[in-house]
Amino acid sequence: MSTMHDVAQRAGVSLKTVSRVVNGEPNVSEQTRRKVDAAIAELDFRPNSVARNLRTGRIDLIGLALPYLSQPYFSSLAEEIMREAERHGLTVLIELTEGDAEAELALVREHGPHLGGLLMYPVGLSDAQALTVARTVPTVFISERAYDAHVDRVAMANREGVRALVGHMVSLGYTRIAALGADHTGRPERAAAHLRLDGYRDGLRDAGLPYLPELVLEVGTPHWNRQEGAAGMRRLIDRDIPFDAVVAFADALALGALHAVQEAGLRVPAEVAVAGFDDTDDARYAHPSLTSVAPGRAQIAREALALLNDRMNGTVDHEPGRLVVADFQLTVRESTLGGMAAWGGA
């Protein structure tokens with residue numbers, strides 16, 4: 001991304017002269033103005049944004065660093081953030097990191113000086129690296145991982161949401177409830193899987209049901225997708241282990257599980273109930289429609305932009321380290337119940 005310095009260098013004029021041109025100030029010769037305008041066009045520079053930044057002392061371009069856009073949760077989150085950013089008069093630059101720590105750090109090194117702030121869903125960053133990022137550019141992490149470093153973070157209610165799902169299943173009479181998408185490695189980057197497994201345990205404990213390891217299914221990749229959901233479900237079916245419900249830790253896994261269950265000739269929800277997490281559009285239009293937990297994407301976007309604006313404007317007195325956990329909503333659909341209802345939780 002070109003800077004005002006680049007424009008000044010290309011046009012062979014001073015930084016102040018570029019400032020005068022982009023602000024429409026007088027006392028600039030027509031020849032000089034044409035040179036600056038030509039440099040702006042060649043470098044694809046945004047004079048209107050820069051003029052506003054010069055007046056306010058703030059850069060209105062923010063970064064949004066996500067590991068993937070192929071997963072429905074991240075693509076819908078990006079849409080919510082872009083809508084919210086527009087309300088704040090901010091432009092969003094989206095960068096994909098594929099969950100690689102070096103890519104996450106490189107993004108900050110390369111784009112940090114040009115950004116007013118950064119929203120990042122970190123996967124590979126260590127505590128020390130997260131702190132480095134936050135000290136380089138005003139940053140809010142959208143992350144399930146609890147960093148020891150003092151950084152601002154917005155998270156979803158992973159544990160509470162899955163606990164509510166299990167409770168819903170139990171209330172309908174299901175007692176052998178499988179968990180799909182678990183991770184037992186303890187790796188910090190798999191925090192969402194760990195928290196959702198904790199919620200599954202909580203729900204069983206609430207109902208007085210035993211935790212049965214044979215009903216807890218890991219998937220072969222950290223990417224929660226339909227293929228992994230179907231493969232995990234087929235493994236459970238092939239082992240001939242009795243189960244009457246499935247709580248998948250993502251809608252994509254649940255949709256794969258739904259396919260495998262129906263492929264095996266089992267009726268949903270008469271013989272097996274299936275539920276997911278994320279409440280994506282696919283959940284609404286699945287057949288049968290999928291019960292799911294909505295993690296509060298719109299609230300996550302609002303809270304993340306509010307925290308980031310505080311940092312960008314310098315209106316916060318205390319050090320970074322604030323945590324906001326979004327509310328969730330459990331929406332019950334045909335995959336667990338014939339009718340439809342919804343209720344919320346914090």
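Buried here means under 20% relative accessible area. All the close-ups below come from a predicted model.

**View 1. An aromatic cluster around Tyr73 and Phe74.**
By that cut-off, Tyr73 and Phe74 are both buried. Four rings come together in one aromatic cluster here: Tyr68, Tyr73, Phe74 and Tyr121. Searching the whole structure turns up five aromatic pairs. One of them is Tyr73 with Phe74, an edge-to-face pair with its centres 5.3 Å apart and 70° between the planes.

**View 2. Tyr200 meets Tyr211.**
Here's another edge-to-face pair: Tyr200 and Tyr211 sit 6.1 Å centre to centre, with the planes at 70°. The two residues are eleven apart and link distant parts of the chain, with Tyr200 in helix H9 (residues 191-207) and Tyr211 in the loop between H9 and strand S7 (216-218). Tyr200 counts as buried because its relative accessible area is 1%. Tyr211, at 26% relative accessibility, is partly exposed. Tyr211 has a charged partner too: the charged end of Arg201 sits over its ring, 3.9 Å from the centre.

**View 3. Arg196 over the ring of Phe277.**
This one is a simple two-residue close-up. Arg196 lies over the face of Phe277, and the distance to the ring centre is 3.9 Å.

**View 4. The six-stranded open sheet, with helix H13 packed on it.**
Reading across the sheet, the strand order is S2-S1-S3-S4-S5-S11, and the pairing is parallel. Strand S2 (91-96) and strand S11 (323-325) are the edges, each pairing on one side only. From one strand to the next, the twist averages 20°. Zoom in on strand S4 (residues 139-142) and strand S5 (residues 152-155), and you'll find three bridges joining these parallel neighbours. Val140, for instance, has Asp152 in S5 as its bridge partner. Helix H13 (residues 297-313) packs on the sheet, touching strand S1 (61-66), strand S3 (117-120), S4, S5 and S11. The direction of H13 makes about 170° with that of S5.

**View 5. Two cis peptide bonds, at Pro269 and Pro288.**
Most peptide bonds are trans, so cis ones are worth a look. The bond from Val268 to Pro269 is cis, with omega near 5°. Look for Pro269 in the loop between helix H11 (251-263) and strand S9 (273-277). The bond joining His287 and Pro288 is cis as well, with omega about -5°. Pro288 is in the loop between helix H12 (281-285) and strand S10 (291-294).

**View 6. Positive phi at Glu98 and Asp240.**
Most residues other than glycine have a negative phi. Glu98 isn't a glycine, yet its phi is positive, near 55°. You'll spot Glu98 in the loop between S2 and helix H6 (101-111). Glu98 counts as exposed because its relative accessibility is 64%. Asp240 isn't a glycine either, and its phi is positive at about 55°. Asp240 lies in the loop between helix H10 (226-238) and strand S8 (245-248). With a relative accessible area of 67%, Asp240 is exposed.

Terms used: Residues numbered from 1 in each chain as written. Predicted model: local features only at pLDDT ≥ 70, side-chain atom pairs only at ≥ 80, totals over all residues. Heavy atoms only, no water. Phe/Tyr/Trp six-rings, centres within 6.5 Å; stacked < 30°, edge-to-face > 60°. Buried < 20%, exposed > 50% of the residue type's maximum accessible area, 1.4 Å probe, protein only. Helix = DSSP H or I, 4+ residues; strand = E, 2+ residues; numbered from the N terminus. Lys NZ or Arg CZ within 6 Å of the ring centre and 35° of its normal. Pairing = 2+ DSSP bridges. Axes fitted to C-alpha atoms, helices over the stretch in contact; angles between N-to-C directions. Contact = heavy atoms within 4.5 Å.
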